[in-house]
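Dear colleague,

I am handing over a structure that you have not worked with before, and I would be glad if you looked through it alongside the notes below.

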Amino acid sequence: MTKPAVARRHLPSSPFKPPVTRPPKEFALGDRVTHDEHGLGRVISIEDEIAVLVDFGSLQARILSPYSKLSKL
């Protein structure tokens with residue numbers, strides 16, 4: 001099976017709750033973060049909601065939005 005190209009819309013008469021939309025994650029310089037693959041790090045650069053550059057000690061990685069594997073501590 002394949003996913004439909006268009007997201008389903010929620011009908012007001014539906015007995016099911018509409019899907020929850022989370023606000024986009026925002027990071028600031030110096031924020032301590034954790035990444036699912038790279039571990040603990042610190043934000044060292046921000047690119048206008050497109051990406052953040054994170055220093056993980058032995059590695060500096062550019063993480064692209066929507067930051068699904070990155071969370072603020």
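The notes that follow take up the salt bridges and then the largest pocket.

Please keep in mind while reading that this is a predicted model, and that what I describe was computed from it.

The structure holds three salt bridges. Side chains of opposite charge can pair when their charged atoms come close.

In one of these salt bridges, Lys72 pairs with Asp31, and the closest N and O atoms are 3.4 Å apart. Because Lys72 belongs to strand E5 (residues 70-72) while Asp31 sits in the segment before strand E1 (32-35), this pair ties together parts that are 41 residues apart in sequence. As for their surroundings, Asp31 is buried, since its relative accessible area is 16%, whereas Lys72, at 46% relative accessibility, counts as partly exposed.

Another salt bridge joins the side chains of Lys69 and Glu37, with 2.6 Å from N to O. Here, too, the pair links distant parts of the chain, with Lys69 in the loop between strand E4 (60-64) and E5 and Glu37 in the loop between E1 and strand E2 (39-47), 32 residues apart. Glu37 is exposed, with a relative accessible area of 55%, while Lys69 counts as partly exposed at 37% relative accessibility.

There is also a salt bridge in which the side chains of Arg62 and Glu47 meet, at 2.9 Å from N to O. Since Arg62 lies in strand E4 and Glu47 in strand E2, the pair ties together parts that are 15 residues apart in sequence. Both ends of this bridge are described in a similar way: Arg62 counts as partly exposed at 47% relative accessibility, and Glu47 is partly exposed with a relative accessible area of 31%.

Turning to empty space, which residues line the largest pocket? The lining is made up of Pro24, Lys25, Glu26, Phe27, Ile46, Glu49, Val52, Ser65 and Tyr67, and the pocket they surround holds about 160 Å³ of space. Sorted by class, this lining has five nonpolar residues, one polar residue and three charged residues.

When you open the model, you might begin with Asp31, the buried partner of Lys72 in its salt bridge, and then move on to the pocket lining, where Phe27 and Tyr67 are among the residues to look for.

With best wishes

Terms used: Residues numbered from 1 in each chain as written. Predicted model: local features only at pLDDT ≥ 70, side-chain atom pairs only at ≥ 80, totals over all residues. Heavy atoms only, no water. 1 Å grid on protein atoms, 1.4 Å probe; cavity = no way out; pocket = protein on both sides within 12 Å on 5 of 7 lines; lining within 4 Å. Points joined across faces, edges and corners; volume = space filled by probe spheres on them. Nonpolar A, V, L, I, M, F, W, Y, C, P; charged D, E, K, R; others polar. Salt bridge = Lys/Arg side-chain N within 4 Å of Asp/Glu carboxyl O. Helix = DSSP H or I, 4+ residues; strand = E, 2+ residues; numbered from the N terminus. Buried < 20%, exposed > 50% of the residue type's maximum accessible area, 1.4 Å probe, protein only.
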